[in-house]
Amino acid sequence: MRVPNSVVLPVGTHVDCCREEEVEEKRRDIMAKIMAMLAERKSNLAHFIGNLEGSEEPEFYVDQWERLKEMESCTLTILNLVAVNCMDHREIKKLEAAILEHVKNEELFPEVIRVLPPIYRQVEAAIVDIAQSEEMADHGMMDLQYLLSKLSQCKHLAGLGRQLLQDILRYLHRIGLVVWYEEIEHMESTVFLQPTFLITMFKLLVRYRLVQQLESIS
């Protein structure tokens, strides 16, 4: 809601736990709740902006007014919910196909036609090779400077600089190939070349009904 021109694809999982007629009913219910939430947000923003504009000394609230106006201008496109059974690999492929179809829609993503410099693809291919190499640890974590030195060993990437690598990592982070938390001070020097490791770790730490599970242990 705070990112300009956001596009959101809601995904409903656990279809295998529902009867066939329930899936469409839940889909309509979820989409209706999302639209109601957006309408409420729009109404609240208009109310807050109106209060600031109608205050006795509006000049004292210029910063707040500007932030609210900026939030009000953020458009949010909600696509139709895709329901999948995560236990079925064919359903995952169906979701993948739906995502790709939307991403290729130039009306939704005008920048989709932008051509990346060749070095982006070269670095991406080199990182994939490093991540799949036998010397790579299972956790896939690598120091940023060490990654730069590894990439620089490739003949066609010998001139790769840190600034350009960071730009490329931002792109690779956005497309999900790597995870790089550059905005977190203690993690900005670490690149996760195996994002699935983070998923596995989070699954161990964040569990459904964790409190009840712990309380059931004698």
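These legends go with a set of views of one predicted model.

**View 1. The whole chain, with 8 helices and 6 strands.** Start at the N terminus and the elements run β-β-α-α-β-β-α-α-β-α-α-β-α-α. The radius of gyration is 23 Å, well over the 17 Å that the globule rule gives for 218 residues, so the chain is more spread out than a compact globule. Along the principal axes, the C-alpha atoms fill a box of roughly 65 × 55 × 50 Å. Of the 218 residues, 27% count as buried. The accessible surface adds up to about 15800 Å², and carbon and sulfur atoms own 55% of that.

**View 2. Helix 8 and strand 6, the two ends of the confidence scale in this chain.** Where is confidence lowest, and where is it highest? Helix 8 (residues 210-215) sits at the bottom with a mean of 79, while strand 6 (residues 190-192) tops the list at 95. The chain as a whole averages a pLDDT of 88, and 97% of the residues score at least 70. A handy habit: where pLDDT is low, don't read the predicted coordinates in detail.

**View 3. Glutamate 135 and lysine 150, a salt bridge between distant parts of the chain.** The N-to-O distance here is 3.0 Å. Glutamate 135 comes from the loop between helix 4 (118-132) and strand 5 (141-143), whereas lysine 150 belongs to helix 5 (residues 144-152), 15 residues apart. Which partner is buried and which is exposed? Glutamate 135 is exposed, at 59% relative accessible area, but lysine 150 is buried, at 16%.

**View 4. Aspartate 167 and arginine 170, a salt bridge inside helix 6.** Their N and O atoms are 2.6 Å apart. Both residues lie in helix 6 (residues 162-175), 3 residues apart, or about one turn of the helix. Aspartate 167 is partly exposed at 29%, and arginine 170 is also partly exposed, at 26%.

**View 5. Lysine 94 and glutamate 91, a salt bridge in helix 3.** The closest N and O atoms are 3.6 Å apart. In helix 3 (residues 89-103), these two are 3 residues apart, about one turn. Lysine 94 is partly exposed, with a relative accessible area of 40%. The whole structure has 11 salt bridges; elsewhere, Arg19, Glu21 and Glu22 are linked in a network of them.

**View 6. Cysteine 86, in no disulfide.** How many disulfides turn up in the whole structure? The search finds 0. For cysteine 86, the nearest cysteine sulfur belongs to cysteine 17, and it is 9.9 Å away. Cysteine 86 is partly exposed, at 43%.

Terms used. Residues are numbered from 1 along each chain as its sequence is written. This is a predicted model: local features need pLDDT of at least 70, side-chain atom pairs count only at pLDDT 80 or more; totals for chains, interfaces and linings use all residues. Side-chain values use heavy atoms; hydrogens and water are left out. A disulfide is a pair of cysteine sulfur atoms within 2.5 Å. Buried means under 20% relative accessible area, exposed over 50%, partly exposed in between (1.4 Å probe, protein chains only). pLDDT is the predictor's confidence in each residue, from 0 to 100. Helices (H or I, at least four residues) and strands (E, at least two) are DSSP runs, numbered from the N terminus. The radius of gyration is taken over C-alpha atoms; the globule rule is 2.2 Å times the number of residues to the power 0.38. Accessible areas come from the Shrake-Rupley method with a 1.4 Å probe; for residues, only the protein chains shown count as cover. A salt bridge is a side-chain nitrogen of Lys or Arg within 4 Å of a carboxyl oxygen of Asp or Glu.
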